[in-house]
Amino acid sequence: MDGTIFIGGGGENYIDKQGLLLKYANRHGLVAGATGTGKTVTLQIMAESFAAQGVPVFLSDVKGDLSGLAKAGSEGFKLHEAFTSRAEKIGFDDYSYDAFPVTFWDLYGDQGHPIRTTVSEMGPLLLSRLLELTDAQEGVLNIAFRVADEQGLGLLDLKDLQALLVWVGENAKDLSLRYGNVSTASIGAIQRALLVLENQGGHKLFGEPALQLSDIMRTDTDGRGRISILASDKLMGAPRLYATFLLWLLSELFEELPEVGDPDKPKLVFFFDEAHLLFDDAPKALVDKVEQVARLIRSKGVGVYFVTQNPADVPEDILGQLGNRIQHALRAFTAKDRRALKQAAETYRDNPRFSTEDAIREVGVGEAVTSFLEAKGAPGVVERTLIRPPSSQLGPIEPGERKALIDASPIAGKYETLQDRESAYEVLTKRATDAAKEAEEAERGEEEAESAAEREYRAGRRYSGSKVGRSTSRRKSSGGFGKAVTDVVIKELKGTTGKRIVRGILGSLFKGR
């Protein structure tokens with residue numbers, strides 16, 4: 001099927017080939033279905049097909065299963081006979097096992113190349129979402145970013161932001177007059193949220209070298225698109241971090257890639273697994289941002305495919321933009337489930353041969369209800385489809401195999417060493433150090449001036465008969481009790497009490513005269 005991503009066989013005997021037209025692959029899509037119905041395998045065969053057509057793919061590996069894309073399947077696999085039988089049944093005549101070029105990424109740097117961005121690139125909106133800030137706290141964070149821009153302070157990693165917030169707190173009074181209220185309570189709440197993020201390992205997301213988009217849009221030497229796999233099994237322990245990072249990546253693609261209109265095939269296909277995490281408790285501003293990106297990023301040649309359990313997880317305005325759909329079985333045990341099932345069925349173009357609602361309920365593992373865009377971008381008639389078997393290994397590869405692929409990657413060594421160039425933390429630390437040094441020098445100057453005055457006082461002045469001059473000789477003391485008394489008297493005369501005594505004596509003398 002030239003110019004088509006082969007998905008499986010449809011029709012009454014599963015002999016009608018069902019596929020996704022490459023020229024409409026940037027119109028986005030949905031892969032949905034309950035747990036255990038075959039979503040992961042569908043994602044795997046779609047990644048294979050896009051890569052084979054020279055389209056780079058970025059996907060998240062939530063369960064750790066998709067690393068098998070890097071290794072060919074084998075005849076010794078327990079499902080070999082089932083796979084070959086299915087391939088024959090759907091007319092997949094050239095079915096064979098094959099491995100695909102894969103680049104492994106990991107935010108934590110354990111199971112792939114480190115993947116980072118900078119705090120400034122993340123921006124205050126997404127960072128507020130990541131930190132779960134209130135509106136007031138988000139306002140303070142916006143002020144901090146504004147101050148950083150005005151003063152040329154680079155925000156690269158978390159310590160830059162933490163140092164900036166300290167400075168904002170110290171100058172809250174002046175900043176409040178210009179930008180609005182900057183409360184120390186809000187700054188404290190942001191700092192605590194940053195500490196929680198740091199304890200979760202989120203600090204590894206921020207820093208340099210930051211990800212270059214070209215590294216996830218590579219093609220291999222044989223012309224196949226490279227599949228970038230983000231290790232997300234550990235990352236799912238911080239679901240807000242997972243969702244925010246992928247949304248940032250999507251936003252970066254939207255902002256940086258040039259307009260290409262409607263290309264013959266996508267420049268990149270982006271799979272967002274566990275997509276419901278993106279929208280759970282999301283503020284309207286964020287949902288609007290996702291809708292805007294989904295609506296406009298197709299003109300940049302990027303296709304976005306949301307993978308989730310239920311279509312209802314995706315807001316209607318965004319769901320309406322997903323023209324290519326693969327719906328695995330939905331369970332309908334409760335009234336709520338039945339409503340969701342009915343709503344999902346209503347989004348498809350009816351097929352007179354069967355009830356879409358019944359089909360979504362009845363399809364087995366490895367089957368799906370599909371609808372793809374046809375000529376002029378019109379949605380196709382819904383069809384029951386038997387999904388084709390994967391060519392790569394089903395299930396994860398061994399850790400040693402993964403490490404060997406990471407070491408042999410075309411970007412090996414590019415992101416492994418963390419860089420720490422001068423940024424907000426270093427600048428503000430230098431300012432504080434310089435200010436402390438100036439204060440110390442000023443205090444030392446005052447102490448030296450005070451010491452000079454004390455020496456002047458100690459030296460005293462004496463009448464020489466013609467002029468007042470300094471005494472340069474010191475009378476040797478015999479020591480003992482007399483010296484001790486003298487020292488005490490001098491000390492008292494230098495003190496406040498002593499000054500009052502001297503003033504009293506002189507006053508009496510002048511008064512007597």
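Proline 283 is partly exposed, with a relative accessible area of 41%. This residue sits in the loop that links helix H9 (276-279) to helix H10 (284-296). Proline 283 and arginine 129 are 154 residues apart in sequence, yet their C-alpha atoms are 8.2 Å apart in space. Keep in mind as you explore that this is a predicted model.

**The chain as a whole**

Let's step back from that one loop. The chain has 513 residues, and 48% of them are buried. It contains 17 helices and 14 strands. How much of the contact count comes from residues 24 or more positions apart? Among contacts with a separation of 6 or more, such pairs account for 76%. The chain exposes about 25,900 Å², and carbon and sulfur atoms supply 50% of that area.

**The sheet**

Twelve strands come together in an open sheet with mixed pairing, and their order is E2-E1-E12-E11-E10-E3-E9-E8-E4-E7-E5-E6. Which strands stand at the edges? They are E2 (16-21) and E6 (113-114); each has a single partner strand, so one side of each is left without a neighbour in the sheet.

Several neighbouring strands in this sheet can be followed bridge by bridge. The table lists some parallel pairs, each with one pair of residues that face each other.

| Strand pair | Bridges | Residues facing each other |
|---|---|---|
| E3 and E9 | four | leucine 30 and phenylalanine 306 |
| E8 and E9 | six | phenylalanine 272 and phenylalanine 306 |
| E4 and E8 | two | phenylalanine 58 and phenylalanine 270 |
| E5 and E7 | four | phenylalanine 104 and isoleucine 229 |
| E5 and E6 | two | aspartate 106 and proline 114 |

Phenylalanine 306 appears in two of these rows, and its strand deserves a look. Is E9 mostly covered or mostly open? E9 is mostly covered, with seven of its seven residues buried. In a regular strand, side chains alternate between the two faces of the sheet. In E9, Val302, Val304, Phe306 and Thr308 lie on one side, while Gly303, Tyr305 and Val307 lie on the other, and all are buried.

Strand E5 (residues 102-106) can be read in a similar way. Five of its five residues are buried, so E5 is largely enclosed by the rest of the structure. Val102, Phe104 and Asp106 point one way from E5, whereas Thr103 and Trp105 point the other way.

**Helices beside and beyond the sheet**

Helix H1 (residues 39-52) lies across a number of strands, including E1 (4-10), E4, E8 and E9 (302-308), and runs at about 140° to E1. One residue to find in H1 is glutamine 44. Is glutamine 44 buried or exposed? Its relative accessible area is 2%, and because buried means under 20%, glutamine 44 counts as buried. Leaving aside neighbours within four places in sequence, glutamine 44 is in contact with Leu66, Leu69, Pro390, Ser392, Gln393 and Leu394.

Helix H2 (residues 80-89) shows two contrasting sides. Its buried residues are His80, Phe83 and Ala87. Seen down the axis of H2, these residues fall within an arc of 65°, so they line one face of the helix. On the other side of H2, Glu81 and Glu88 are exposed. Just after H2 comes glycine 91, which takes a positive phi of about 80°.

**The nonpolar cores**

Now look inside. The largest nonpolar core has 83 residues, and those with the most contacts inside it are Leu127, Leu164, Phe206, Leu241, Phe270 and Phe306. Which helix gives the largest share of this core? Helix H8 (residues 239-256) does, with 11 residues. Two names here are familiar from the table: Phe270 is the bridge partner of phenylalanine 58, and Phe306 is the bridge partner of leucine 30.

Leucine 164 gives a view of who touches whom in this part of the model. Not counting residues up to four places away in sequence, leucine 164 touches Ala144, Val147, Ala148, Leu153, Leu155 and Leu428.

There is also a second, separate core of 33 residues, which includes Leu22, Phe50, Phe104 and Ala368. Phe104 brings us back to strand E5, where phenylalanine 104 stands opposite isoleucine 229 in E7.

Key: Residues numbered from 1 in each chain as written. Predicted model: local features only at pLDDT ≥ 70, side-chain atom pairs only at ≥ 80, totals over all residues. Heavy atoms only, no water. Pairing = 2+ DSSP bridges. Contact = heavy atoms within 4.5 Å. Axes fitted to C-alpha atoms, helices over the stretch in contact; angles between N-to-C directions. Core = buried A, V, L, I, M, F, W, Y, C linked by side-chain atoms within 4.5 Å. Buried < 20%, exposed > 50% of the residue type's maximum accessible area, 1.4 Å probe, protein only. Arc of directions from axis to C-beta. Areas by Shrake-Rupley, 256 points an atom, 1.4 Å probe, with all protein chains shown as cover.
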